[in-house]
Amino acid sequence: MAQSANRVEDLVRTHLPLVGHLVRELLGRLPAHVSREDLVSAGMAALATA
């Protein structure tokens, strides 16, 4: 079980920069009231869920 959790944590850390990239891409296409922090939070939650 611990090995599986470590694997998931490694995958999340490896792909975390992708969240930042996607946030930068999306910010220019979304309304101004959508905050960067909200996008990062949603992206991190989606990454952890995936």
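Helices here are DSSP runs of H or I with at least four residues, numbered from the N terminus. The model you are looking at is predicted. Let's work through it together.

**Exercise 1. Find the salt bridge, and work out where its two partners sit in the helix.**

Step 1. Start with the count: the structure contains 1 salt bridge.

Step 2. Now name the partners. The side chain of E9 meets that of R13, with 2.6 Å from N to O. A salt bridge needs a side-chain nitrogen of Lys or Arg within 4 Å of a carboxyl oxygen of Asp or Glu, and the E9–R13 pair at 2.6 Å fits this.

Step 3. Place them. Both E9 and R13 belong to helix 1, where they are 4 residues apart, about one turn of the helix.

Step 4. Check how open each one is. Exposed means over 50% relative accessible area, and buried means under 20%, with partly exposed in between. E9 has 38%, so E9 is partly exposed. R13 reaches 59%, so R13 is exposed.

**Exercise 2. Describe how helix 1 and helix 2 are arranged.**

Step 1. Know what to look for: two packed helices are described by the angle between their axes and the distance between the axes.

Step 2. Read off both values. Helix 1 covers residues 2–27 and helix 2 covers residues 36–49; their axes come within 9 Å and cross at roughly 140 degrees.

Step 3. Classify the angle. Roughly antiparallel would require over 145 degrees, and roughly perpendicular covers 65 to 115. Helix 1 and helix 2 are therefore oblique to each other.

Step 4. Add the handedness: the crossing of helix 1 past helix 2 is right-handed.

**Exercise 3. List the residues that form the contact between the helices, and sort them by character.**

Step 1. From helix 1, the contact uses V12, H15, L16, V19, V23, R24, L26 and L27. From helix 2, the partners are R36, L39, V40, G43, M44, L47 and A48.

Step 2. Sort them: 11 are nonpolar, 2 are polar and 2 are charged.

**Exercise 4. Follow R36, L47 and A50 to their neighbours in space.**

Step 1. Take R36, which lies in helix 2. Leaving out residues up to four places away in sequence, R36 touches V23, R24 and L27. The C-alpha atoms of R36 and V23 are 7.0 Å apart, with their positions 13 residues apart along the chain. With a relative accessible area of 39%, R36 is partly exposed.

Step 2. Move on to L47, also a helix 2 residue. With the residues up to four places away again left out, L47 touches V12, H15, L16 and V19. L47 and H15 are 32 residues apart along the chain, and their C-alpha atoms are separated by 7.8 Å.

Step 3. Finish with A50, in the segment after helix 2. Its relative accessibility is 89%, so A50 is exposed. The C-alpha atoms of A50 and V8, 42 residues apart along the chain, lie 9.7 Å from each other.

Note on methods:
Residues numbered from 1 in each chain as written. Predicted model: local features only at pLDDT ≥ 70, side-chain atom pairs only at ≥ 80, totals over all residues. Heavy atoms only, no water. Axes fitted to C-alpha atoms, helices over the stretch in contact; angles between N-to-C directions. Helix = DSSP H or I, 4+ residues; strand = E, 2+ residues; numbered from the N terminus. Parallel < 35°, antiparallel > 145°, perpendicular 65-115°, else oblique. Left-handed = near helix turned anticlockwise from the far one by under 90°. Contact = heavy atoms within 4.5 Å. Nonpolar A, V, L, I, M, F, W, Y, C, P; charged D, E, K, R; others polar. Buried < 20%, exposed > 50% of the residue type's maximum accessible area, 1.4 Å probe, protein only.
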